[in-house]
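Colleague: I am new to this structure. Could you take me through it?

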Amino acid sequence: MAGFSVNSENCYACKTCAIACQNEKMLPPTVQLRRVRSYDTATGCASVSMACNHCDEPACMSVCPQSCYIKDSTTGLVYQQHDLCIGCKSCITACPFGAPAFCEADSTTYKCDGCIDRQSIGLQPRCTVSCPSGNISWTDGEPTDGTPLKDQVATKPNFSVVLDKDITIETVAAVDTDPTNIDRGGEDY
C-alpha cells in the first residue's frame with residue numbers, strides 16, 4: 001500500500017512541511033497534522049517529520065465509535081469523514097504515533113489524509129512538494145527509501161525513514177513515548 005518516506009539524515013527541522021500542510025488544509029493554528037519530532041543525540045540533534053502513516057491495520061479506524069475513518073482499498077489512504085467526528089479522542093489515544101490532532105475550538109479531531117484531493121488530480125501531497133530539501137516523498141507502493149517501520153508497530157504503518165546516524169528505527173517507532181524526543185506530539189502537542 002501507499003505511504004510516506006522521509007530522510008531524517010538530511011532534515012534540519014525547518015517545519016516547512018508542517019506549515020504547508022496546515023495551510024493546504026486551512027486548519028486552525030493549534031492543529032498540526034504533520035509534526036517534526038526532534039531528538040537530542042550524542043552529536044547534536046536528529047529530526048523526523050511524521051504525519052499519519054496510513055497503516056495497514058489502523059488503530060484509529062478500529063476504535064472510532066462513529067466509524068469516521070475509512071481505508072481506501074485501492075490507494076491504502078486512511079481518511080476521516082470529519083463531519084461525523086464527536087471529539088471523543090479515542091483515535092488519538094489509540095494511534096501509536098499521535099497522528100490525529102484535536103482542535104479545542106471546535107471539539108473535533110482532524111487527521112492527515114495524504115492529500116487525497118490533490119492525489120485524485122495527479123498531484124503529490126503538499127508536504128512532499130513543500131520540503132525545501134526534498135526529504136519527504138510519497139509512493140503509491142510500499143515505501144522503500146530507508147528503513148521500513150511496518151514490522152516495528154502492530155498497526156503496520158506504511159512509512160520508511162532514512163535514519164540519522166544517531167537514531168534507530170526503534171526510536172522512531174516509539175516517537176510518542178521516547179523520553180529523549182523533544183517534540184512528543186500527540187494530544188498535548
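Modeller: The exchange below goes from the whole chain to single residues. This is a predicted model, in which local features need pLDDT of at least 70, side-chain atom pairs count only at pLDDT 80 or more, and totals for chains, interfaces and linings use all residues. Residues are numbered from 1 along each chain as its sequence is written, and side-chain values use heavy atoms, with hydrogens and water left out.

Colleague: How many helices and strands does the protein chain have?

Modeller: The protein chain has six helices and ten strands. Helices (H or I, at least four residues) and strands (E, at least two) are DSSP runs, numbered from the N terminus.

Colleague: What is the radius of gyration of the protein chain?

Modeller: It is 15 Å, which agrees with the value near 16 Å for a compact globule of 189 residues. The radius is taken over C-alpha atoms, and the globule rule is 2.2 Å times the number of residues to the power 0.38. The C-alpha atoms fill a box of roughly 45 × 35 × 30 Å along the principal axes.

Colleague: What share of the residues is buried?

Modeller: Buried residues make up 51% of the 189; buried means under 20% relative accessible area, with a 1.4 Å probe and protein chains only.

Colleague: On to the cores. Which residues have the most contacts inside the largest nonpolar core?

Modeller: They are L33, V48, M50, L149, F159 and V172, in a core of 36 residues. The elements giving two or more residues to this core include β1 (3-7), α1, β10 (159-162) and α6. Apart from it lies another core, of nine residues, among them C68 and F102. A nonpolar core is a set of buried Ala, Val, Leu, Ile, Met, Phe, Trp, Tyr and Cys residues joined through side-chain atoms within 4.5 Å.

Colleague: Which residues of helix α1 are buried?

Modeller: In α1 (residues 16-24), the buried residues are C17, A18, A20, C21 and Q22. They pack against β2 (35-41), β3 (44-50), α5 (126-130) and β8 (136-139), where contact means heavy atoms within 4.5 Å. M26, whose phi is positive, near 50°, follows α1.

Colleague: And I169, is that residue buried or exposed?

Modeller: I169 is buried, with a relative accessible area of 7%. I169 is found in helix α6 (residues 169-173). Not counting residues up to four places away in sequence, I169 touches T147, P148, L149, Q152, V161 and L163. The C-alpha atoms of I169 and L149 are separated by 6.9 Å, although these residues are 20 apart along the chain.

How values were computed:
Buried means under 20% relative accessible area, exposed over 50%, partly exposed in between (1.4 Å probe, protein chains only).
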